[in-house]
Amino acid sequence: MRKAKLFKPIKIGPVELKNRIVMAPMTRNRAANEHEAPTELHMEYYSQRSSAGLILSEGSPVSPAARGYIATAGIYNDAQEKGWKKVNRAVHEKNGHIQIQLWHVGRVSHPYFHNGEKPPAPSAIRPDAMSFTPDGFKPSPEPREMTKDEIKSTIEDFRKAAARSKKAGFDGAQIHGANGYLIEQFLHSSANQRTDEYGGSIEKRARFLFEVIDAVAGEIGEERTSLRLSPSNLFNTGNDPDSKELYKYVIEKLNGYNLSYLELVEALGDLSEHPNLVPNVTEHYRPLYNGVLMTNGDFSREEAIEVVENGTADMVSFARLFLANPDLPERFEVNAELNEPDSDTFYGGRAEGYTDYPFLEDSTV
Ligand SMILES: Cc1cc2nc3c(=O)[nH]c(=O)nc-3n(C[C@H](O)[C@H](O)[C@H](O)COP(=O)(O)O)c2cc1C
């Protein structure tokens, strides 16, 4: 039988991936140590999943101010860089590839992370969102509007984080432009009411994103820089009236870059009351993008095979299925049964629900 394209190699920039099955970025809150650095446990978790064509790390804060959830392994201090270096070495020893997800939560945060002060955001508009504090999930309060100097220094934080990620041995960096966090806050008029050059028209709202891309790509190269967008997202964000025009502008402008790939997250919520949001995200935006396209969002094995076979996407990323199945590509190839993810152990804790999901060989013995 002919092998489906999903299981065949693909080149992204200078890196050849062994298959098109990607581990999606997942915050797991296991870096509960003084420097919020990756540990031996992280090394084991990622190394177990090295059969992915590409691993995307958990969202990794680019600075202390970029945090909104406890115990997230960042990329702004030496201990973190050292921890990631060990993770990357372990993944590479198993012929895997890994990119870091560069993350700034913006207003999806809490004063706990800001010495009691309000979190930074494009505008002082409170999100309908929760932050993960030592006392559990807490509503994010009204943020404060970032000054222009702060915007510049935040872009600089992305640049420094990209430089560190290169030193730590990552194969590239994915800029987190999705799920209602800082970059999406700038993009969306529901979160961005600025009247300077970072707010107002679509072009101005997209300025922050493109300045971040320029900063990251300036450090590691466009061909190792990638981007995640969620054009029909309802998580942590309001409902933008000009969403289709916004993402058309952004995606077409990305054609001017030679990015590693663009990842689009499908609509994961109920769009029945949001006619301005596109239901089939990847299908809708595919014709606008000339580069390598990755899709994500509730894909089954069969749907993933189909979407790559018919050319709507070049790669598919899986979050929950990869969380629960360290050997997901092998299971997909032989169409084996899948372990069920346990949502009680998604965020926080230690090895349980993290590194103890069985491999196929363990379950068949
Ligand atoms: C435990 C968990 C943590 C997540 N953390 C992140 C994250 O850090 N960054 C991100 O972009 N998406 C994150 N997501 C969203 C996933 O990457 C993905 O978009 C979503 O789960 C849908 O994909 P799936 O149906 O394959 O699980 C997370 C999802 C889960 C389940």
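Is Glu309 buried, partly exposed or exposed? Glu309 is partly exposed, with a relative accessible area of 31%. In this predicted model, the side chain of Glu309 meets that of Arg2 in a salt bridge, at 2.5 Å from N to O. Arg2 is placed in the segment before strand S1 (10-12), and Glu309 in helix H9 (residues 301-309), so their contact ties together parts that are 307 residues apart in sequence. Arg2 counts as exposed, because its relative accessibility of 58% is over the 50% cut-off.

The structure holds 21 salt bridges. Another of them pairs the side chains of Glu219 and Arg159, again with an N to O distance of 2.5 Å. Glu219 belongs to helix H6 and Arg159 to helix H3, so this pair ties together parts that are 60 residues apart in sequence. Glu219 is partly exposed, at 25% relative accessibility. Arg159 is also partly exposed, with a relative accessible area of 25%.

A further salt bridge joins Arg205 and Asp240, whose closest N and O atoms are 3.6 Å apart. Arg205 sits in helix H5 (residues 202-205), while Asp240 lies in the loop between strand S11 (225-229) and H7, so the bridge ties together parts that are 35 residues apart in sequence. Arg205 is buried, with a relative accessible area of 3%. Asp240 is buried too, with a value of 3%. Salt bridges that share partners also join Asp78, Glu81, Arg164 and Lys167 into one network. Within this network, Arg164 is one of the buried residues of H3.

The two helices tied by Glu219 and Arg159 were then checked for length. Helix H3 (residues 148-167) has 20 residues, which at 1.5 Å a residue should span 28 Å. Its end C-alpha atoms are 29 Å apart, in agreement with that value. The buried residues of H3 include Ile151, Ile155, Phe158, Ala161 and Ala162. Charged residues are buried in H3 as well, among them Glu150 and Asp157. Just after H3, Gly169 takes a positive phi of about 90°.

Helix H6 (residues 207-220) gives a similar picture. Its 14 residues should span 20 Å at 1.5 Å a residue, and the end C-alpha atoms are 20 Å apart, which agrees. Buried residues of H6 include Phe208, Leu209, Phe210, Val212 and Ile213. Ala215, Val216, Ala217 and Ile220 are buried in H6 as well. H6 is followed by Gly221, whose phi is positive, near 95°.

Helix H7 (residues 243-254) contains Ile251. Ile251 counts as buried, because its relative accessibility is 0%. Its C-alpha atom is separated by 7.8 Å from that of Tyr285, although the two residues are 34 residues apart along the chain. Pro279 offers a second pair of positions. Pro279 lies in the loop between strand S12 (262-265) and helix H8 (281-285). Pro279 is exposed, with a relative accessible area of 53%. The C-alpha atoms of Pro279 and Ala66 are separated by 30 Å, and the two residues are 213 residues apart along the chain.

Two patches were found on the surface. One carries negative charge and gathers Glu330, Glu333, Glu361 and Asp362. Helix H11 (328-333) and helix H12 (360-364) each supply at least two residues of this patch. Glu361 is placed in helix H12. The other patch is nonpolar and is formed by Met130, Phe137 and Tyr347, which together have about 300 Å² of accessible area. Phe137 is found in strand S8 (residues 136-139). At 41% relative accessibility, Phe137 counts as partly exposed.

Backbone angles complete the description. Most residues other than glycine have a negative phi. Asn115 has a positive phi, near 50°. Asn115 is found in the loop between strand S5 (98-103) and strand S6 (120-121). Asn115 counts as exposed, at 77% relative accessibility. Asn335 also has a positive phi, near 55°. Asn335 is found in the loop between H11 and H12, the helices that supply residues to the negative patch. Asn335 counts as partly exposed, at 47% relative accessibility.

Key. Residues numbered from 1 in each chain as written. Predicted model: local features only at pLDDT ≥ 70, side-chain atom pairs only at ≥ 80, totals over all residues. Heavy atoms only, no water. Patch = residues over 30% accessible without salt bridge, like charges linked within 9 Å, V, L, I, M, F, W, Y side chains within 5 Å. Areas by Shrake-Rupley, 256 points an atom, 1.4 Å probe, with all protein chains shown as cover. Salt bridge = Lys/Arg side-chain N within 4 Å of Asp/Glu carboxyl O. Charge placed at Lys NZ, Arg CZ, Asp CG, Glu CD. Helix = DSSP H or I, 4+ residues; strand = E, 2+ residues; numbered from the N terminus. Expected span 1.5 Å × (residues − 1). Buried < 20%, exposed > 50% of the residue type's maximum accessible area, 1.4 Å probe, protein only.
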